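User: I would like to learn how pockets and cysteines are read from a model. Could you take me through them step by step?

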Amino acid sequence: MDDPGRFVGGVFCLAMFALFALLGWKFWQGKWLNFIAGNNFVAKDEMQTPYQRDLGRHTAVVMACCCMAILLLAATTALPVLAGDQAHLIRPVLITAAIALILVPCIWLVVWSNRRARKEQDELVAADPSQAENVRFERKQALVCLVILGGMLAIYLVVIPLAKAASS
């Protein structure tokens, strides 16, 4: 064993792959849905609804994409052996693909979930107009969260790099 770090990294990748695969399988079956973020306190009877089943299936797709991303990241460690001198050209492509395999499905899941929630809220207001104020308040909360997230991303991706460049 030339490099113990590669062995430890390989074991870690294998463990993460197994975890994502197990979670994806259980979510696909409609089990363990309480492990999904924001789904911790859902009542047992609500777990049997079509929305929860769809949520589990959509989250399972995200877990499958995470498994593929782990495989791509693990492949970057084998590149020097497989690709030789070309490894430095291939590695950034694999890392970018792995990041995209994680981010794109996560964004897709959030958009799907928000559309579904908006549809249910609209149905709630149509059935009971007195709930309109609560729905508007929830949507304002979501907007505030998005503004805060956008501000944080702007600081991390624009302001900090510009400040570092200016100080160098």
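User: How much space lies in the second largest pocket, and which residues line it?

Analyst: Rolling a probe the size of a water molecule over the atoms shows where empty space is left. On a 1 Å grid over the protein atoms alone, a pocket is an open set of points where a 1.4 Å probe fits, with protein on both sides within 12 Å along at least five of seven lines, and lining residues have an atom within 4 Å of a point. Grid points are joined across faces, edges and corners, and a volume is the space filled by probe spheres set on the points. Here, the second largest pocket holds about 360 Å³, and its lining residues include Val110, Arg118, Glu138, Arg139 and Cys145.

This is a predicted model, in which local features need pLDDT of at least 70 and side-chain atom pairs count only at pLDDT 80 or more, while totals for chains, interfaces and linings use all residues. Residues are numbered from 1 along each chain as its sequence is written, and side-chain values use heavy atoms, with hydrogens and water left out.

User: Which helix gives the most to that lining?

Analyst: Helices are DSSP runs (H or I, at least four residues), numbered from the N terminus. α3 and α4 (132-167) each supply at least two residues of the lining of the second largest pocket, and α4 gives the most, with seven residues.

User: What is the volume of the largest pocket, and which residues are closest to its centre?

Analyst: The largest pocket has a volume of about 430 Å³. Its lining comprises 21 residues, of which Ile36, Ala37, Gly38, Leu55 and Ser113 are the closest to the centre. α1 (4-28), α2 (50-83) and α3 (87-127) each supply at least two residues of this lining.

User: How many disulfides are there, and why does Cys13 not form one?

Analyst: A disulfide is a covalent bond between the sulfur atoms of two cysteines. In the model it is taken as a pair of cysteine sulfur atoms within 2.5 Å, and by this rule the count comes to zero. Cys13 forms none because its sulfur is 12 Å from the closest cysteine sulfur, in Cys67, which is too far for a bond. For Cys145 the closest cysteine sulfur is in Cys106, 18 Å away, again too far for a bond.

User: Are Cys13 and Cys145 buried or exposed?

Analyst: Buried means under 20% relative accessible area, exposed over 50% and partly exposed in between, with a 1.4 Å probe and protein chains only. Cys13 is buried, at 18%, whereas Cys145, one of the residues lining the second largest pocket, is exposed, at 52%.
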